[in-house]
Amino acid sequence: MATTRIWAGDATFISGSSTPFGLYDSDTEFQTESVSTAKWCAKRMGYPIVDIELNEDGLFACFEEAVSEYGAQINFMNIKDNLLQMRGKSQATDITGQNITPSLDAIVTLSHQYGVEAGVGGNVDYYSGSIAVTSGQQIYDLDDPVVTTYESGTPGTDGIEIKRIFHQQSPAVSRVFDPYAGSGMASQNLIDGFGFGSYSPGVNYMMMPMNADLLRVQAIEFNDMIRKSAFSFELVNNKLRVFPNPTDAYTMHFQYVKVNERSAKQGGVGEVSDFSDIPYNSLTYSSINAAGKQWIRKYTLANAKELLGTIRSKYGSIPIPGAETTLDGDTLRSEASTEKSELITQLREDLELASKRNLMEREKEISEFQQELINRVPLHIYIG
């Protein structure tokens with residue numbers, strides 16, 4: 001039976017075979033650091049005073065896992081900070097290590113949706129349609145091609161969403177100053193004084209305050225609402241009921257959007273949609289700063305302890321001449337679990353402090369402190 005190699009005090013990194021995934025094998029600095037870190041971990045676990053039941057490939061795997069974990073934590077923070085700016089962008093562009101400039105793209109996209117709903121803009125076309133209203137008929141089917149006409153699409157075939165129906169009586173103000181009402185409200189000819197004498201029809205008006213006009217407009221509107229059947233409509237299941245009951249034939253117009261065009265604005269294949277597909281990939285080891293590399297070394301040591309503890313836990317004790325010795329596998333695993341948890345917690349706290357929101361809050365505090373200091377500086381008094 002072949003004897004499994006254990007740590008012999010030295011290691012040689014072989015690109016393509018020393019690490020399980022080979023994510024960083026092409027980085028020469030990673031290759032050098034992996035050997036140094038393996039030696040350091042072995043010495044921190046007691047070598048050469050005690051044997052370390054690990055080979056170099058196991059230590060290299062621990063080192064690769066530590067680099068990947070560090071990169072994952074960094075990417076998680078970046079994804080959280082930049083997801084809003086990256087939604088709708090191409091997944092094909094690797095943004096790892098790039099500075100994402102804040103933009104208003106997401107807000108503009110959201111404003112397009114509000115614009116569509118409010119009828120003041122957006123990215124969905126509005127179309128016009130009409131209904132041939134018949135005297136004495138109140139209910140009309142918008143899917144009926146006999147009475148309904150669409151600017152785009154076919155009634156009863158294309159799904160539409162009504163945005164606005166033009167069905168209201170004439171404005172009340174048009175009945176305040178009726179050009180054919182004669183001079184009932186006039187007492188003084190002021191037309192010539194304002195330069196309107198050459199226009200027709202010429203009407204005499206009394207100079208009144210603006211609130212008098214508003215009160216008369218309101219009185220007309222209340223009169224129509226209380227004493228008459230108000231102009232209104234009810235739209236339920238594509239059936240339009242108009243009020244009051246039409247006494248003449250006329251054409252009623254409406255605006256609508258096509259349902260399939262609204263759905264087409266939701267984004268396409270290959271665009272960033274959520275946390276899972278934003279294009280952050282593995283970090284470049286040589287670009288990681290000294291603080292990050294020190295965290296990686298500590299996490300590699302914790303990984304190595306956990307792996308060694310697993311190996312030693314296979315046997316709780318081994319016999320020796322005249323006695324037996326107890327292995328420390330469970331202790332190593334417990335220490336490793338605690339160390340890894342503390343390292344992850346500390347890194348996440350540090351990254352959270354460096355998030356865009358916290359940095360902006362710190363800038364705000366610094367600005368307020370600076371302003372407070374400036375306010376304490378005595379003002380110079382100049383005597384001329």
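The buried residues of helix H1 are covered by, among other elements, helix H2, residues 56-86, and helix H6, residues 290-312. I should say at once that this is a predicted model. Which residues of H1 are buried? They are Phe30, Glu33, Ser34, Val35, Thr37, Ala38, Cys41 and Ala42. A general point helps in reading such a list. An α-helix has 3.6 residues a turn, so residues three or four places apart point the same way.

Let us consider the length of H1. The helix runs over residues 28-44, which is 17 residues. At 1.5 Å a residue, H1 should span 24 Å, and because its end C-alpha atoms are 25 Å apart, the expectation and the model agree.

The two ends of H1 also deserve attention. At the N-terminal end, Asp27 acts as a cap, with a side-chain oxygen 3.0 Å from the backbone nitrogen of Glu29. Just after H1, Gly46 adopts a positive phi of about 115°.

I turn now to helix H7, residues 329-353. With 25 residues at 1.5 Å each, H7 should span 36 Å, and its end C-alpha atoms are indeed 36 Å apart. The buried residues of H7 are Gly329, Leu332, Ala336, Lys340, Leu343, Ile344, Leu347 and Leu351. What covers the buried residues of H7? The cover includes H2 and H6.

Within H2 we find Ser68. Is Ser68 buried or exposed? Ser68 falls in between: its relative accessible area is 25%, so the residue counts as partly exposed, since buried would require under 20%. Apart from neighbours within four places in sequence, Ser68 is in contact with Leu23 and Tyr24. Ser68 and Tyr285 are separated by 217 residues in sequence, yet their C-alpha atoms are 9.6 Å apart in space.

On the surface, Leu104, Ile107 and Val108 form a nonpolar patch, and together they have about 280 Å² of accessible area. Ile107 belongs to helix H3, residues 105-118. With a relative accessible area of 52%, Ile107 is exposed, because the cut-off for that class is over 50%.

Finally, I come to the chain as a whole. The protein chain contains 8 helices and 9 strands. Of its 384 residues, 29% count as buried. Among contacts with a separation of 6 or more, 71% join residues 24 or more positions apart. The accessible surface of the chain comes to about 25,000 Å², and carbon and sulfur atoms account for 54% of that surface.

Terms used: Residues numbered from 1 in each chain as written. Predicted model: local features only at pLDDT ≥ 70, side-chain atom pairs only at ≥ 80, totals over all residues. Heavy atoms only, no water. Helix = DSSP H or I, 4+ residues; strand = E, 2+ residues; numbered from the N terminus. Expected span 1.5 Å × (residues − 1). Buried < 20%, exposed > 50% of the residue type's maximum accessible area, 1.4 Å probe, protein only. Contact = heavy atoms within 4.5 Å. Polar contact = N/O pair within 3.5 Å; in protein donor to acceptor, adjacent residues only side chain to side chain. Patch = residues over 30% accessible without salt bridge, like charges linked within 9 Å, V, L, I, M, F, W, Y side chains within 5 Å. Areas by Shrake-Rupley, 256 points an atom, 1.4 Å probe, with all protein chains shown as cover. Salt bridge = Lys/Arg side-chain N within 4 Å of Asp/Glu carboxyl O.
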